[in-house]
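Colleague: Could you walk me through the empty space and the packing in this one? I would like to hear the reasoning behind each term.

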Amino acid sequence: MTEVDLYNLAPVFQLMAVGLAVAALPLAWWFWRQRSATPASRLKALTLITLFLTFDLVLFGAFTRLTDSGLGCPDWPGCYGSATPLGAKTEITAAQTAMPTGPVTHGKAWIEMVHRYLATGVGVLIMSLAAMTWWQRRHSRVLSPWWPTFTLVWVCLQGAFGALTVTMKLFPAIVTLHLMFGIGLLALLMAQAVRYEGAASRPIPSALRSGLWWGFGLLWLQIALGGWVSTNYAVLACPDFPTCNGQWVPDMNWQGFSLWRELGLTPEGQVLPFVALSTIHFVHRSAAWLVLAVLLWCGWRLRQQAKLHTAGRLLLGLSALQFFTGLSNVVFDWPLLAAVLHTGGAAAMVVTLTWVLSISRADNALRFSNPSRPAE
C-alpha cells in the first residue's frame, strides 16, 4: 500500500452518510423532547446528549486501543478504500491469513470502523450544535456561538489526530494526543452546557477552588502519563505491586520519554529497552499517589459544601475506582474491563471537575468550619 493509498478519500462521503445516520436518532429524540423548551434549554439538552455520546466514544476508543484494533483498517477514512469492512473482505482475509494474530482481522476491522462511525456521528452533532447556536444568535444576544464554534474546531483537530493515528502506525505521541483531545472535548462540552444554563455561580472557599484547579491540572498530567503508558504498551512493565520488578525504585532509563519516536523504538531507531518501559510505568504509578491525595482532599472538602456534596462523593468514588482499576491492570494482567474503566474513570473525573469549576467562584469570606448542607 502506497502513501497515497493511506489517504484514500473515496469513501469519505459514504462515511459522512453513516455519521448522519448515527446522529439522526439522538437529534430526532432531542427535537421531540425539546420542541416547547426555550432556546437555551434546547441547546443545553443537545450539548448534554453530545457529551453523553462523546463519553461513550472515549470508552469505545479505549476499547479499540486495548484490543489492538487501531490498525484494523490500515488506511483512512475507509477500510481498504471501502466504507465498510464488507467491501474489503478479500483484503482483510488475505492480511488475516498471512498473520492470524496481526493488526488486521475481520473483528478488529469492524471495531475500528465502528469507532470511526461513532466519531463521525459525534462530529455531526457538534456541527449541528454550532449551527443551531449561530441561528439562535439572531434572536438572542445572550447565547454566545463562539463556544460551540471552538468545540467544532477542536473536534476537527481530534479527527485529524485520529487519521494520523492510523497513517503514522500508532506513533505514541500522536495516539496520546488523540486521547487527550478526546477527553478535552468532554471538558469543552461540559463547560458549554453550564454556560447555556446561565445559573448564578456558587461561592466556595478560595482555598478549595485553588485546590480544585491544582487537582484539575495534576489530573491532566496524570492522564497524559497514563496515555503514554498505554500507547507504549508499558502497563505490564511493572508486573508487581507495590514494588516494580521487585524493587521499590527500579533502574531508570529516560529514553522512553523521548516524545518523537516510533512505537517500540528509540529516536535513533533502535529497539527501546525494557528498562525504559518500566520507567514509563513507574513514573505514572508514582505520580498517581500525589494526584490521588489532592483529589481525595478536594472530594472531602466538596462534601462539606452546600449543593456540591454530591460532586464530592462522586469525586471520592471515582478516585477509588481509579485506584482499584489501576491496581487490577497490574496484578490481574491487564484485564480489558478494568483497563477500559480506568480510562472512563479519568474521563469522568475531568467532567466532574469541569462542572464544579464552571459553576463555582472563590469567596474569601467562606471557611471550612462545617458549613450547613441544605438538601439538594
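Modeller: Happily! Lining residues are those with an atom within 4 Å of a cavity point, and helices are DSSP runs numbered from the N terminus. By that count, helix 9 gives the most to the lining of the largest cavity, with 8 residues. Keep in mind that this is a predicted model.

Colleague: Why is this space called a cavity?

Modeller: Because a 1.4 Å probe fits there but cannot get out, the term cavity applies. The structure holds 1 cavity of 30 Å³ or more, and the volume of the largest is about 720 Å³. Its lining has 33 residues, and the closest to the centre are Gln 222, His 284, Gln 322, Gly 326 and His 342.

Colleague: What makes 20 residues of that lining nonpolar?

Modeller: Their residue types do, because Ala, Val, Leu and Phe are among those that count as nonpolar. The rest of the lining divides into 11 polar and 2 charged residues. Gly counts as polar, so Gly 326, one of the residues closest to the centre, belongs with the polar ones.

Colleague: What makes a set of residues a nonpolar core?

Modeller: Its members are buried and joined through side-chain atoms within 4.5 Å. The largest such core has 54 residues, of which Ile 183, Leu 212 and Val 350 touch the most other members. Helix 7 gives the most to this core, with 11 residues.

Colleague: Which residues is Leu 212 in contact with, leaving aside neighbours within four places in sequence?

Modeller: Ile 204, Cys 298, Leu 302, Leu 353, Val 356 and Leu 357.

Definitions and conventions
Residues numbered from 1 in each chain as written. Predicted model: local features only at pLDDT ≥ 70, side-chain atom pairs only at ≥ 80, totals over all residues. Heavy atoms only, no water. 1 Å grid on protein atoms, 1.4 Å probe; cavity = no way out; pocket = protein on both sides within 12 Å on 5 of 7 lines; lining within 4 Å. Points joined across faces, edges and corners; volume = space filled by probe spheres on them. Helix = DSSP H or I, 4+ residues; strand = E, 2+ residues; numbered from the N terminus. Buried < 20%, exposed > 50% of the residue type's maximum accessible area, 1.4 Å probe, protein only. Contact = heavy atoms within 4.5 Å.
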